[in-house]
Amino acid sequence: MFIDGATFRRLVRARELLADTALPVRAIAAQVVLSPSYFIRAFAALFGDTPHQFRTRVRVDRAKALLAGGRSVTETCFELGFSSLPSFSGLFTRWVGAPPTRYRTSLAVPGLRILVPGCLGMLAQLPFGALGNCR
Amino acid sequence: MLHIKLTSIMVEDQAKALAFYTDVLGFVTQMDFPVGDYRWITVAAPGRDDLQLALEPNANPAGKAFQQAMFEQKIPVASFESTDLDEDHARLVARGVAFTQAPTTAGTVKIAIFSDTVGNLIQIHQAL
């Protein structure tokens, strides 16, 4: 698929709208003047998520940041506009692999863990001998 | 004596990134170890493990901001050499890859740019 400059800008704009508004996907497609089916296909090819998946990813990322910042699970749930705790908890668990309560308590120092080191630093944490095959 | 063995790019989602860089691009996994909440993953071109690319999480907000800004300015973060750019372009298009620049001759190289689906634009180039 080739995405020309104008379409690229429209898709970037649509991504902002998905992250920052609650507009339905169809309305966002209309706002950036793309047909809904092309919009979904091109968005997924460019960003690796469908518009709906992208919006969910953003909400989960924000939830992680709020939890890491010390907010309670209930506060996080309602701040992000989820209708109920079970729906928030279920979605969070599917995406993160741990329920929000466990994620929150796993943070030894709230707010610190999201600042992952420059990840080349992870080299130092590899098991002994891991680099043996790359001389 | 120093030599260049390892470089890295930030990725939005390491599992998706590994799938794209291997299944779609055709690189080979060199290392894949869990490190805390993340993974240490490197890939290399088949038969060419002299230079590995680490797929590192963009979980640091500064990294994510940098990555997003580069993407929105349409600036590729890496350039991979192709021995036959038109063939690689056709192969990747057939696998659903989105190109933001079709193969173009620019001076002494032919280049094209695509999205790696995990937050980066990647250039491919072939010397003419």
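1. Packing of α3(B). In this predicted model, the buried residues of α3(B) pack against three strands of chain B: β6 (99–106), β7 (109–115) and β8 (121–127). The residues concerned are Leu85(B), Asp88(B) and His89(B), in a helix that covers residues 85–94.

2. One face of the helix. Viewed down the axis of α3(B), the buried residues fall within an arc of 100°, so they line one face of the helix. An α-helix has 3.6 residues a turn, so residues three or four places apart point the same way. Leu85(B), Asp88(B) and His89(B) are the buried set to check against this spacing.

3. The other side. Which residues are exposed on the other side of α3(B)? They are Asp86(B), Glu87(B), Ala90(B) and Ala94(B).

4. End of the helix. Just after α3(B), Gly96(B) has a positive phi of about 90°.

5. Order of elements. Chain B contains 3 helices and 8 strands. Read from the N terminus, the order is β-α-β-β-β-α-β-α-β-β-β. The strands that α3(B) packs against are β6, β7 and β8 of chain B.

6. Overall dimensions. The radius of gyration of chain B is 15 Å, which agrees with the value near 14 Å for a compact globule, because that is what 128 residues would give. The C-alpha trace spans about 45 × 35 × 35 Å along its principal axes.

7. Burial and contacts. Of the 128 residues in chain B, 32% are buried. Among contacts in chain B between residues at least 6 apart in sequence, 47% link residues at least 24 apart.

How values were computed. Residues are numbered from 1 along each chain as its sequence is written. Chains are lettered from A and ligands numbered from 1 in the order in which they are written. This is a predicted model: local features need pLDDT of at least 70, side-chain atom pairs count only at pLDDT 80 or more; totals for chains, interfaces and linings use all residues. Helices (H or I, at least four residues) and strands (E, at least two) are DSSP runs, numbered from the N terminus. The radius of gyration is taken over C-alpha atoms; the globule rule is 2.2 Å times the number of residues to the power 0.38. A residue is buried if 20 or more other C-beta atoms lie within 10 Å of its own, exposed if 12 or fewer, and partly exposed in between; C-beta atoms are placed from the backbone. Two residues are in contact if their C-beta atoms, placed from the backbone, lie within 7 Å. The arc is that of the directions from the helix axis to the C-beta atoms.
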